[in-house]
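Please open the structure in your viewer and keep a residue selection tool at hand. The stops below are meant to be taken in order, each with something to select and something to look at.

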Amino acid sequence: MTSAGPTLRGVEWGCGCGPDCFTLDEDGFTCRKVLDAPEVWRVELLMHDTFLPSVNAFVVLDGGEALVVDAGTPDELNDTRLMRALVRLEVDPERTTLFCTHAHVDHTGLARELSEASARVVIPEGVLSDMRRMAVPAWRDEMVARMSSEGVSEAEAVELADVIWDHAINFEAEKISFSTVAPGEELRCGRWSFEVVSAPGHTPGQCVLWEPSTRTAFLGDAVLFLCSTCIGFWGEGEDPIGEQLSTLGLLAKRGIEHAFMGHGLQEGSVAERCEKNAQHHERRSARALAAIKQTPGQTGFELVPALGWHAPFDHWGETPAMTRWFLVSESIAHLDHLVAAGAVRREKDGRDVNRYYPV
Ligand SMILES: [Zn+2]
Ligand SMILES: [Zn+2]
């Protein structure tokens, strides 16, 4: 936040782009007011590495205080964009709290810059657990082992783990000062009080913020309107798809009117979107189950195409590693879900590779 000093007076940003909107650069990134009460501004930042075009940071303003929800992907241009937004909104860093919904780099990337500018950084306890478990080199080795046990070749398992394992930031390792909150606790911004609500699935420790009087929620990546949020495997015996289905069910029932998510904006009813997304996951699991019944004894990797992805399986080797990672990881998560639900049985073959059978 302190690094961009003189460039802030440049003429290429801060222009009007409609009521309650100003540009952050010449590339079309803007900061726009998206709600009056609470007063919420959306800062759009560049997303890296995936097909998603941008990532949101939200700024809630009230009574001279600011609550920033999520902190974008780290790079100098995003740092400048976020800082420009905060300067123009006349945010006082010393009266600012950053809350990160989950540990992914596109939601925690500029935490250091905010912290160094004197903002208070707060994460849910579960996000700290995720950082300790999944933002460490040991997690990369666990991912390789898990994919190998599902029949992915050693070379491809290493390639896929390497494109993704460090996509979370570990605040302890990075020496970024922070404090934690537990689900059920509240974060205040002026007269507003936001409840921290557990929302596992996309990551184990993700939490959303909920303001009941205006039915406003900050959802991180719990549910998106742009696409189905990615659900990757955690460990054998865990059920991220099951967790996500529960989260979607609870969010659908909460009565959310104003939803702000990590990517894109709300397009219609949150309850309907949650229900549709849950059905989408259930259809995928049902396809996996049908394939296992049709040909018992396949490996996890052999089952990937059966889940109905729109993916070029005839050109698998030429598909970008990040795409292959999403396909393999979410497919394994569906198999974990079927095992947890008692619908299929997982058995190791003589080479220690998991094979799936109907129950
Ligand atoms: Zn995420
Ligand atoms: Zn995200």
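The tour begins with confidence, then visits buried and exposed positions, the backbone of some loops, and finally the packing of helices.

**Confidence**

Colour the chain by pLDDT before anything else, since this is a predicted model. The mean pLDDT of the chain is 94, and 97% of its residues reach 70 or more. Next select residues 1–9, where the pLDDT is below 50, and note that this stretch nevertheless has 15 contacts in the model beyond near neighbours in sequence.

**Two strand residues and a helix residue**

Select Val 59, which is found in strand E4, residues 54–62. Is Val 59 buried or exposed? There are 22 other C-beta atoms within 10 Å, and the cut-off for a buried residue is 20 or more, so Val 59 counts as buried. Showing the residues around Val 59, and leaving out those up to four places away in sequence, brings up Trp 41, Val 43, Ala 66, Val 68, Ala 85, Leu 86, Leu 89 and Val 91 as the ones it touches. If you then draw a distance from the C-alpha of Val 59 to that of Ala 119, you span 13 Å in space and 60 residues in sequence.

Move on to Phe 218, whose place is in strand E12, residues 216–220. Phe 218 also counts as buried, with 26 C-beta neighbours inside 10 Å. Its contacts, apart from neighbours within four places in sequence, are Phe 58, Val 69, Thr 101, Val 208, Leu 209 and Phe 260. From Phe 218 a C-alpha to C-alpha line to Ala 343 covers 34 Å, the two residues being 125 apart in sequence.

Now select Leu 77 in helix H1, residues 76–88. Leu 77 has 15 C-beta neighbours inside 10 Å and counts as partly exposed. Its C-alpha atom is separated by 22 Å from that of Asn 170, which is 93 residues away along the chain.

**Backbone details in loops**

Select Ala 37 and Pro 38 and display the backbone: the peptide bond from Ala 37 to Pro 38 is cis, with omega near -5°. Pro 38 sits in the loop between strand E2 (30–35) and strand E3 (39–46).

Continue to Ser 118, in the loop between helix H3 (111–116) and strand E7 (120–124). Ser 118 is not a glycine, yet its phi is positive, near 85°. With 13 other C-beta atoms within 10 Å, Ser 118 is partly exposed.

Lys 175 is another residue to inspect for a positive phi, here about 55°, although it is not a glycine. You will find Lys 175 in the loop between helix H6 (154–164) and strand E8 (179–181). Lys 175 has 9 C-beta neighbours inside 10 Å and counts as exposed.

**Helix packing**

For the remaining stops, two packed helices are described by the angle between their axes and the distance between the axes.

Select helix H5 (residues 137–149) together with H6; they pack at an angle of about 140°, with their axes 9 Å apart. H5 and H6 are therefore oblique to each other, and H5 passes H6 in a right-handed crossing. Show side chains for Arg 140, Met 143, Val 144, Met 147 and Ser 148 in H5, which meet Glu 154, Ala 157, Val 158, Leu 160 and Ala 161 in H6. By class, this contact of H5 with H6 has seven nonpolar, one polar and two charged residues.

Next take helix H7 (residues 240–253) and helix H8 (residues 270–294), whose axes come within 8 Å and cross at roughly 160°. That angle makes H7 roughly antiparallel to H8, and H7 passes H8 in a left-handed crossing. The residues of the contact of H7 with H8 divide into nine nonpolar, five polar and one charged. Among them are Ile 241, Leu 245 and Leu 248 on the H7 side and Ala 271, Cys 274 and Ala 278 on the H8 side.

Keep H8 selected and add helix H10 (residues 321–340): the axes of H8 and H10 come within 9 Å and cross at roughly 75°, which makes H8 roughly perpendicular to H10. Arg 284, Ser 285, Ala 288 and Leu 289 of H8 make the contact with His 334, Leu 335, His 337 and Leu 338 of H10. Four nonpolar, three polar and one charged residues form this contact of H8 with H10. Ser 285 of H8 also takes part in the contact with H7, and is a fitting place to end the tour.

Note on methods: Residues numbered from 1 in each chain as written. Chains lettered and ligands numbered in written order. Predicted model: local features only at pLDDT ≥ 70, side-chain atom pairs only at ≥ 80, totals over all residues. pLDDT = per-residue confidence, 0-100. Contact = placed C-beta atoms within 7 Å. Axes fitted to C-alpha atoms, helices over the stretch in contact; angles between N-to-C directions. Helix = DSSP H or I, 4+ residues; strand = E, 2+ residues; numbered from the N terminus. Parallel < 35°, antiparallel > 145°, perpendicular 65-115°, else oblique. Left-handed = near helix turned anticlockwise from the far one by under 90°. Nonpolar A, V, L, I, M, F, W, Y, C, P; charged D, E, K, R; others polar. Buried ≥ 20, exposed ≤ 12 C-beta atoms within 10 Å, placed from the backbone.
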